[in-house]
Amino acid sequence: MSGLEDLPLRDDLRGRSPYGAPQVDVPVRLNTNENPYAPPPALVDDLTTAVVSAATALNRYPDRDAVALRAALAAYLGHGLTGAQVWAANGSNEIIQHLLMAFAGPGRSALGFVPSYSVHELIARATGTRWISAYRAEDFSLQAEAAAAAITEHRPDLVFLCSPNNPTGTALDPAVVAAVVEAAPGMVVVDEAYAEFSAQPSALHLLPGHPRLVVTRTMSKAFAFAGARLGYLAADPAVVDALQLVRLPYHLSALTQAAALAALAHAEETLATVARVMQERDRMIAALRDLDLEVVDSDANFVLFGRFDDQEKVWQALLDRGVLVRDVGLPGWLRVTAGVPREVDAFLTALREVL
Ligand SMILES: *Cc1c(COP(=O)(O)O)cnc(C)c1O
């Protein structure tokens, strides 16, 4: 038996930890922000037919450029977008990886406003990109002047914004995005993984005239399709050309492309669950505030709540009662995903016991 220390691992990876949201098999899992509603049966039927059809041609490589899927994603996004302005990959995490490989990497830097989605930093480091943390205000908001000042100070090659922000739920005013695009010397990536839950307008409307702006989306959250792994972005067609230099040939399997196309055809039905999820989110916020807890306003399908002297202890006590929430490593705080009513009830009951 040998350990990591015995391997000729890259020096900059030594001592690092893999992404690690615990996958614990308990009755109530409210820790990774998925849509709690399973895909509708009509979607499952169409997806099965599409996958069976794709299976008959699996001896051949898939469409390397996923042309049909990208056109369907562009149609879903609207804003007059076409397939040439859309790129797709295995989850938006792979989209983020493509962006960092093309526009950052060794000798370059990426900046994010923390606390935010930890995977931005994780993939930045994995691609050899120098990571710069700038900070949100005490209430987790991000103001245009503060954001622009951090960018002017550090001159990063790539800036991550996240709206609504994970793990705080905070949405960005598009004016902040516009100010960041104005100040940034390089690429600006707005991670809109939770856009379908948000009342704030999308940064998509800023794309015309801003060839260094990228908006990333995913089918993992509102779209109830996390297991399929499909993320995408919208940007100037030149950005898509750049990403094709770093993507692996045939990165998106024929099965994934067929499944995602089938899911998009049922978008309306799937997204009808969003209103129900938001109702449960608002019920959780009200109940948590009734317990005299602090709750950050959320534009997403999760809420950050606290503050606890020892959030690890509360996390464990909830888990002992069969409820898995997320300790995002923010001292005093925990994050909980809006589930179905039965799951939210179980969470609130367990939490009242713990307190
Ligand atoms: C969940 C999440 C993603 C999604 O990643 P996928 O790889 O598409 O599943 C991206 N960004 C943020 C902020 C997220 O919370």
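**Exercise 1. A covered strand**

Which residues point one way from β3, and which point the other way? Work it out on this predicted model, then find the partner of the strand.

*Solution.* Begin with the two faces of β3.
- Step 1: S109, L111 and F113 point one way from β3, while A110, G112 and V114 point the other way.
- Step 2: Check the burial of both sets; all of these residues are buried. The strand, residues 109-114, is thus mostly covered, with 6 of its 6 residues buried.
- Step 3: Look for the neighbouring strand. β3 pairs with β4 (residues 130-135) in the parallel sense, over 6 bridges.
- Step 4: Pick one residue to fix the register: L111 has I132 as its bridge partner in β4.

As background, strands of a sheet pair through backbone hydrogen bonds, either parallel or antiparallel.

**Exercise 2. A sheet and its helix**

Give the strand order of the open sheet of 3 strands, and find the helix that packs on the sheet.

*Solution.* Trace the pairing from strand to strand.
- Step 1: The order is β9-β10-β12, and the pairing is antiparallel.
- Step 2: Identify the edges. β9 (294-295) and β12 (334-337) each have a single partner strand, so one side of each is left without a neighbour in the sheet.
- Step 3: Take the pair of β9 and β10 (residues 302-306), which is antiparallel and runs over 2 bridges. Here V295 stands opposite F305 in β10.
- Step 4: Add the helix. α10 (residues 273-290) packs on the sheet and touches β9, β10 and β12. The direction of α10 makes about 10 degrees with that of β10.

**Exercise 3. The loop between β5 and α6**

Locate two cis peptide bonds, one at P164 and one at P167, and then describe the setting of N165.

*Solution.* Walk along the loop in sequence order.
- Step 1: S163 and P164 are joined by a cis peptide bond, with omega about -10 degrees. P164 has its place in the loop between β5 (158-162) and α6 (174-183).
- Step 2: From N166 to P167 the peptide bond is again cis, and omega is near 15 degrees. P167 also sits in the loop between β5 and α6.
- Step 3: Turn to N165, another residue of the loop between β5 and α6. Its relative accessibility is 0%, so N165 counts as buried.
- Step 4: List what N165 touches beyond four places in sequence: P115, S116, Y117, R136, T170 and F302.

Keep in mind that most peptide bonds are trans.

**Exercise 4. Positive phi in two loops**

Compare A66 with Y250: where does each one lie, and is it buried or partly exposed?

*Solution.* Treat the two residues in turn.
- Step 1: A66 has phi near 45 degrees, a positive value in a residue other than glycine. A66 is found in the loop between α1 (41-55) and α2 (67-77).
- Step 2: Buried means under 20% relative accessible area. A66 is at 2%, so it counts as buried.
- Step 3: Y250 has phi near 60 degrees, again positive in a residue other than glycine. Its place is the loop between α7 (237-243) and α8 (254-265).
- Step 4: At 28% relative accessibility, Y250 counts as partly exposed.

For context, most residues other than glycine have a negative phi.

**Exercise 5. A buried phenylalanine**

Which residues is F197 in contact with, leaving aside its neighbours within four places in sequence?

*Solution.* Place the residue before listing its contacts.
- Step 1: F197 lies in the loop between β6 (187-191) and β7 (213-218).
- Step 2: F197 is buried, with a relative accessible area of 1%.
- Step 3: The contacts are K221, A222, V274, V277, M278, R281, D299, A300 and N301.
- Step 4: Now add a distance. F197 and A275 are 78 residues apart in sequence, and their C-alpha atoms are 8.2 Å apart in space.

**Exercise 6. Empty space**

Describe the largest cavity and the second largest pocket by volume and lining.

*Solution.* Take the cavity, then the pocket.
- Step 1: There is 1 cavity of 30 Å³ or more, and the largest cavity holds about 30 Å³ of space.
- Step 2: Its lining consists of S163, L172, D173, P174, V177, V190, E192, P201, S202 and A203. By class these are 6 nonpolar, 2 polar and 2 charged residues.
- Step 3: The second largest pocket holds about 150 Å³. L4, L9, L13, R16, S17, P18, L122, R125 and A126 line this pocket.
- Step 4: The pocket lining divides into 6 nonpolar, 1 polar and 2 charged residues.

How values were computed. Residues are numbered from 1 along each chain as its sequence is written. This is a predicted model: local features need pLDDT of at least 70, side-chain atom pairs count only at pLDDT 80 or more; totals for chains, interfaces and linings use all residues. Side-chain values use heavy atoms; hydrogens and water are left out. Two strands pair if DSSP finds at least two bridges between them. Helices (H or I, at least four residues) and strands (E, at least two) are DSSP runs, numbered from the N terminus. Contact means heavy atoms within 4.5 Å. Axes are lines fitted to C-alpha atoms, for helices over the stretch in contact, and angles run from 0 to 180 degrees between N-to-C directions. On a 1 Å grid over the protein atoms alone, a cavity is a set of points where a 1.4 Å probe fits but cannot get out, and a pocket is an open set with protein on both sides within 12 Å along at least five of seven lines; lining residues have an atom within 4 Å of a point. Grid points are joined across faces, edges and corners, and a volume is the space filled by probe spheres set on the points. Ala, Val, Leu, Ile, Met, Phe, Trp, Tyr, Cys and Pro count as nonpolar, Asp, Glu, Lys and Arg as charged, and the others, Gly among them, as polar. Buried means under 20% relative accessible area, exposed over 50%, partly exposed in between (1.4 Å probe, protein chains only).
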